[in-house]
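The following questions and answers concern the fold, the core and one helix packing of a protein. Please consult the sequence and the structure while reading.

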Amino acid sequence: MNNKIKTEAVDCLFEAILSLTSKEECYSFFEDVCTVNELLSLSQRFEVAKMLRSHKTYLEIADKTGASTATISRVNRSLNYGNDGYDMVFSRIFP
């Protein structure tokens, strides 16, 4: 875990997220907390990660998601050298 982001404020944000109980609540909360572009960027990265784990090429991913090769590369680096957060979530929602 990156200690640079571990703050009381981030802990509080994560507690708020963990309190959400439905997609509708998530939409309400995240529309208030994030800009539309921030939320779309997060969802794009998640889609890129799913496609990378499905062994899609950078070109296929860029064509489908509109993500830049820099974004795809950044997500790929997280998948390969990060904290396994994507894989943890994938194993829970895509068993």
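Q: Which pattern does the protein follow when read along the sequence?
A: This is a predicted model, in which local features need pLDDT of at least 70 and side-chain atom pairs count only at pLDDT 80 or more, while totals for chains, interfaces and linings use all residues. Residues are numbered from 1 along each chain as its sequence is written, and side-chain values use heavy atoms, with hydrogens and water left out. The protein has 6 helices and 0 strands, where helices (H or I, at least four residues) and strands (E, at least two) are DSSP runs numbered from the N terminus. Along the sequence, the pattern is α-α-α-α-α-α.

Q: What percentage of the 95 residues of the protein count as buried?
A: Buried means under 20% relative accessible area, exposed over 50%, and partly exposed in between (1.4 Å probe, protein chains only). By this criterion, the buried portion of the 95 residues is 16%.

Q: Which helix supplies the largest share of the largest nonpolar core?
A: A nonpolar core is a set of buried Ala, Val, Leu, Ile, Met, Phe, Trp, Tyr and Cys residues joined through side-chain atoms within 4.5 Å. The largest one has 10 residues, including Val48, Ile61, Leu79 and Phe90. Both α3 (36–53) and α5 (69–81) supply at least two residues of this core. The largest share, 4 residues, comes from α3.

Q: At what angle do helix α4 and α5 pack?
A: Axes are lines fitted to C-alpha atoms, for helices over the stretch in contact, and angles run from 0 to 180 degrees between N-to-C directions. For α4 (residues 58–65) and α5, the axes lie 10 Å apart and the angle is about 115°.

Q: How many residues of the contact of α4 with α5 are charged?
A: Contact means heavy atoms within 4.5 Å. On the α4 side are Tyr58, Ile61 and Ala62, which meet Thr69, Ile72, Ser73 and Asn76 in α5. Ala, Val, Leu, Ile, Met, Phe, Trp, Tyr, Cys and Pro count as nonpolar, Asp, Glu, Lys and Arg as charged, and the others, Gly among them, as polar. The contact therefore divides into 4 nonpolar and 3 polar residues, and the charged ones number no residues.

Q: Is Thr71 buried or exposed?
A: Thr71 is found in helix α5. Not counting residues up to four places away in sequence, Thr71 touches Gln44 and Arg45. Because its relative accessible area is 12%, Thr71 is classed as buried.
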